Amino acid sequence: MLDKVLLSDASLQEIDNELDKYPKDRRQSALLAALRIAQEEHNWLSDELIEYVAEVIGVPPVRAFEVATFYSMYDLKPVGRHKINVCTNISCMLRGCDQIVNYLQNKLGIGFGETTADGKFTLKEVECLAACAGAPMMQIGRDYYENLSPEKIDTILQALP
Ligand code: FES
C-alpha cells in the first residue's frame with residue numbers, strides 16, 4: 001500500500017493500462033510510459049514523484065531514476081508552457097544549428113535549461129530527434145519544426161498561445 005498518492009486516478013489507470021501490455025514479471029517495461037504519464041500530470045518529475053512511480057510499478061527507485069535521468073524527454077525541474085527542444089547533433093550542427101541556438105537564446109533571453117520569466121518558454125538542448133533530413137530542427141510539445149531560420153522561428157513562436 002502506498003503511503004501517499006501523488007497521481008490522479010486517471011493517471012494511475014493509464015499506468016495500469018500500460019502494465020497490462022507486459023508480462024507480470026516485466027513490469028519494469030512500463031517505466032518509460034509511467035514516467036511520461038506522471039510528468040504530463042505534474043509538468044516535471046521531482047525525486048518524490050520518480051520514487052512514487054517506481055513504487056506504483058513495483059521496481060526499486062534506482063530503476064526509475066536511471067530512466068528519468070537518461071532520456072531528455074523527462075524534465076527534472078519545472079518547465080514553461082512550451083518546451084523548445086533544439087537538436088544540436090551532427091546533422092543539425094552541419095546545417096547551422098549554432099545560428100538557431102543563438103537566435104533563440106537572444107530572442108528569449110535564456111540559455112539551455114532555463115525558462116523565461118513569464119513561464120512561457122523553456123529551452124532545452126537535445127540529441128538527434130531523428131529528423132536529420134529537415135535539419136536544423138526543433139521540437140515544441142509533440143510537433144517538429146524543420147529547416148529552421150530566424151524568420152521561421154519568429155512565425156512559429158508568435159503563433160503559440
Ligand atoms: S541531428 Fe538533428 S535531428 Fe538528427
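Read along the sequence, the protein runs α-α-α-α-β-α-α-β-β-β-β-α. Helices (H or I, at least four residues) and strands (E, at least two) are DSSP runs, numbered from the N terminus. This is a predicted model: local features need pLDDT of at least 70 and side-chain atom pairs pLDDT 80 or more, while totals for chains, interfaces and linings use all residues. Residue numbers start from 1 along each chain as its sequence is written.

**Whole chain**

Show all C-alpha atoms. They fill a box of roughly 55 × 35 × 25 Å, taken along the principal axes. Count 7 helices and 5 strands. Of the 161 residues, 24% count as buried. Buried means 20 or more other C-beta atoms within 10 Å of the residue's own; exposed means 12 or fewer; partly exposed lies in between; C-beta atoms are placed from the backbone. Now turn to contacts, defined as pairs of residues whose C-beta atoms, placed from the backbone, lie within 7 Å. Take those between residues at least 6 apart in sequence: 57% of them join residues at least 24 apart.

**Stop 1: helix H2**

Select residues 31-42, which form H2. At 1.5 Å a residue, its 12 residues should span 16 Å, and the end C-alpha atoms are indeed 16 Å apart. The expected span is 1.5 Å times one less than the number of residues. Colour the buried residues of H2: Leu31, Ala34, Leu35, Ile37, Ala38 and Gln39. They pack against helix H1 (9-19), H3 and helix H4 (61-70).

**Stop 2: H2 against H3**

Two packed helices are described by the angle between their axes and the distance between the axes. Add H3, residues 47-57. H2 and H3 pack at about 135 degrees, with axes 10 Å apart. Axes are lines fitted to C-alpha atoms, for helices over the stretch in contact; angles run from 0 to 180 degrees between N-to-C directions. The pair is therefore oblique. On this scale, under 35 degrees is roughly parallel, over 145 roughly antiparallel, 65 to 115 roughly perpendicular, and the rest oblique.

H2 passes H3 in a right-handed crossing. A crossing is right-handed if the near helix is turned clockwise from the far one by less than a right angle, and left-handed if anticlockwise. Show side chains at the contact. From H2 come Leu31, Ala34, Leu35, Ala38 and His42; from H3 come Leu49, Val53, Val56 and Ile57. By class, that contact has 8 nonpolar residues, 1 polar and no charged. Nonpolar covers Ala, Val, Leu, Ile, Met, Phe, Trp, Tyr, Cys and Pro; charged covers Asp, Glu, Lys and Arg; the others, Gly among them, are polar.

**Stop 3: the turn-off at Asn43**

Step just past H2 to Asn43. It lies in the loop between H2 and H3. Its phi is near 80 degrees, a positive value in a residue other than glycine. Asn43 has 14 C-beta neighbours inside 10 Å, so it counts as partly exposed.

**Stop 4: H3 against H4**

Keep H3 and add H4. Their axes are 8 Å apart, at an angle of about 120 degrees. That makes H3 oblique to H4. This crossing is right-handed. H3 supplies Ile50, Glu51, Val53 and Ala54; H4 supplies Pro61, Arg63, Ala64, Phe65 and Ala68. The contact of H3 with H4 has 7 nonpolar, no polar and 2 charged residues.

**Stop 5: Val67**

Stay on H4 and pick Val67. Is Val67 buried or exposed? It is buried, with 20 other C-beta atoms within 10 Å. Leaving aside neighbours within four places in sequence, Val67 is in contact with Leu31, Leu32 and Leu35. Now draw a distance to Cys97, 30 residues apart along the chain: the C-alpha atoms are separated by 27 Å.

**Stop 6: Lys77**

Move to the loop between H4 and strand E1 (82-87), where Lys77 sits. Lys77 counts as exposed because it has 11 C-beta neighbours inside 10 Å. Link it to Asp47: they are 30 residues apart in sequence and 9.7 Å apart in space, C-alpha to C-alpha.

**Stop 7: the E3-E4 loop**

Select the loop between strand E3 (121-126) and strand E4 (138-140), which holds Pro136. What kind of peptide bond joins Ala135 and Pro136? It is cis, with omega about -5 degrees. Ala130 is in the loop between E3 and E4 too. Its phi is near 65 degrees, positive in a residue other than glycine. Ala130 has 10 C-beta neighbours inside 10 Å, so it counts as exposed.

How values were computed:
Two residues are in contact if their C-beta atoms, placed from the backbone, lie within 7 Å.
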